[in-house]
Amino acid sequence: MDYRLLFDDDWLKAIHLGSKERRVKIEKVEQGQLENKGKKTRKPVIVFAEAGFPKGSDGKQLRLAANKTNAKVIARAYGNDTADWIGREIILYPTQTDMAGDTVDCIRVKLVAVK
């Protein structure tokens, strides 16, 4: 088992996706507050319907704390009002990004192709 899966966490991370894309349906969006190195930030927290993600330390399914990049992708498709995101499907995929000179794993969002 990957050691990164052995830590308590309440947030969905790239490691939880493995190397696969996951198509998910947005069940709820709420305002969340995260703390990193003493700095508190507010972010949209997205809960997914029946996504099958592991449970966090609080017993709830892991949720995505959306960064601005991911929130903008969703908003471009479904509007700025997060109430309009409910019931919509998106695809989560693991990738990497540069953060303060380090390459780190991250989750990105893309839209479900319309047929």
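Which residue of strand 2 does Asn36 stand opposite? Asn36 stands opposite Lys39; the legends below describe close-up views of a predicted model.

**View 1. The five-stranded sheet.** Five strands make up an open sheet, and their order across it is 3-2-1-4-5. The pairing in this sheet is antiparallel. The edges are taken by strand 3 and strand 5, each of which has a single partner strand, so one side of each has no neighbour in the sheet. Strands of a sheet pair through backbone hydrogen bonds, and the pairing may be parallel or antiparallel.

**View 2. Strand 1 against strand 2.** Eleven bridges join strand 1 (22-36) to strand 2 (39-49), and the sense is antiparallel. Asn36 and Lys39 face each other across this pair, with Lys39 in strand 2. The two strands form a hairpin with two residues between them. Lys37 in this hairpin takes a positive phi near 55°.

**View 3. Strand 2 against strand 3.** Strand 2 also pairs with strand 3 in the antiparallel sense, here over two bridges. Ile46 has Leu64 as its bridge partner, and Leu64 lies in strand 3. Strand 3 covers residues 64-65 and stands at an edge of the sheet.

**View 4. Strand 1 against strand 4.** Four bridges hold the antiparallel pair of strand 1 and strand 4. Arg22 stands opposite Leu92 of strand 4. Val24 has Ile90 of strand 4 as its bridge partner.

**View 5. Strand 4 against strand 5, with their hairpin.** Strand 4 (89-99) and strand 5 (102-111) run antiparallel and are joined by ten bridges. Ile90 stands opposite Leu111 in strand 5. Ile90 is also the bridge partner of Val24, so this view can be read together with the previous one. The hairpin of strand 4 and strand 5 has two residues between the strands, and Ala100 takes a positive phi near 55° there.

**View 6. Val109 in strand 5.** Is Val109 buried or exposed? Val109 lies in strand 5 and counts as buried, because its relative accessibility is 5% and the cut-off for buried is under 20%. The C-alpha atom of Val109 is separated by 26 Å from that of Met1, which is 108 residues away along the chain.

**View 7. The aromatic pair Phe48 and Phe53.** How many aromatic pairs does the structure hold? There is one aromatic pair, formed by Phe48 and Phe53. The ring centres are 6.1 Å apart and the planes are at 70°. The arrangement is edge-to-face, since planes over 60 degrees apart are classed that way. Phe48 is buried at 2% relative accessibility, and Phe53 is buried with a relative accessible area of 6%.

**View 8. Charged side chains over aromatic rings.** Arg63 lies over the face of Trp11, 4.8 Å from the ring centre. Lys110 is placed over the face of Tyr93, and here the distance to the ring centre is 5.4 Å. Trp11 appears again in the next view, among the residues closest to the centre of the largest pocket.

**View 9. The largest pocket.** The largest pocket holds about 1200 Å³ of space. Its lining has 32 residues, and those closest to the pocket centre are Trp11, Leu12, Lys13, Met99 and Asp105. Two or more lining residues come from each of helix 1 (14-17), strand 1, strand 2, strand 3, strand 4 and strand 5. Which element gives the largest share of this lining? Strand 5 does, with six residues. By class, the lining has 15 nonpolar, six polar and eleven charged residues. Rolling a probe the size of a water molecule over the atoms shows where empty space is left.

**View 10. The second largest pocket.** About 200 Å³ of space lies in the second largest pocket. Its lining consists of Arg42, Lys43, Pro44, Ala66, Asn67, Lys68, Ala71, Lys72 and Ala75. Strand 2 and helix 2 (68-78) each contribute at least two of the lining residues. Helix 2 has the largest share, four residues. The lining of this pocket divides into four nonpolar, one polar and four charged residues.

Key:
Residues numbered from 1 in each chain as written. Predicted model: local features only at pLDDT ≥ 70, side-chain atom pairs only at ≥ 80, totals over all residues. Heavy atoms only, no water. 1 Å grid on protein atoms, 1.4 Å probe; cavity = no way out; pocket = protein on both sides within 12 Å on 5 of 7 lines; lining within 4 Å. Points joined across faces, edges and corners; volume = space filled by probe spheres on them. Nonpolar A, V, L, I, M, F, W, Y, C, P; charged D, E, K, R; others polar. Pairing = 2+ DSSP bridges. Phe/Tyr/Trp six-rings, centres within 6.5 Å; stacked < 30°, edge-to-face > 60°. Buried < 20%, exposed > 50% of the residue type's maximum accessible area, 1.4 Å probe, protein only. Lys NZ or Arg CZ within 6 Å of the ring centre and 35° of its normal.
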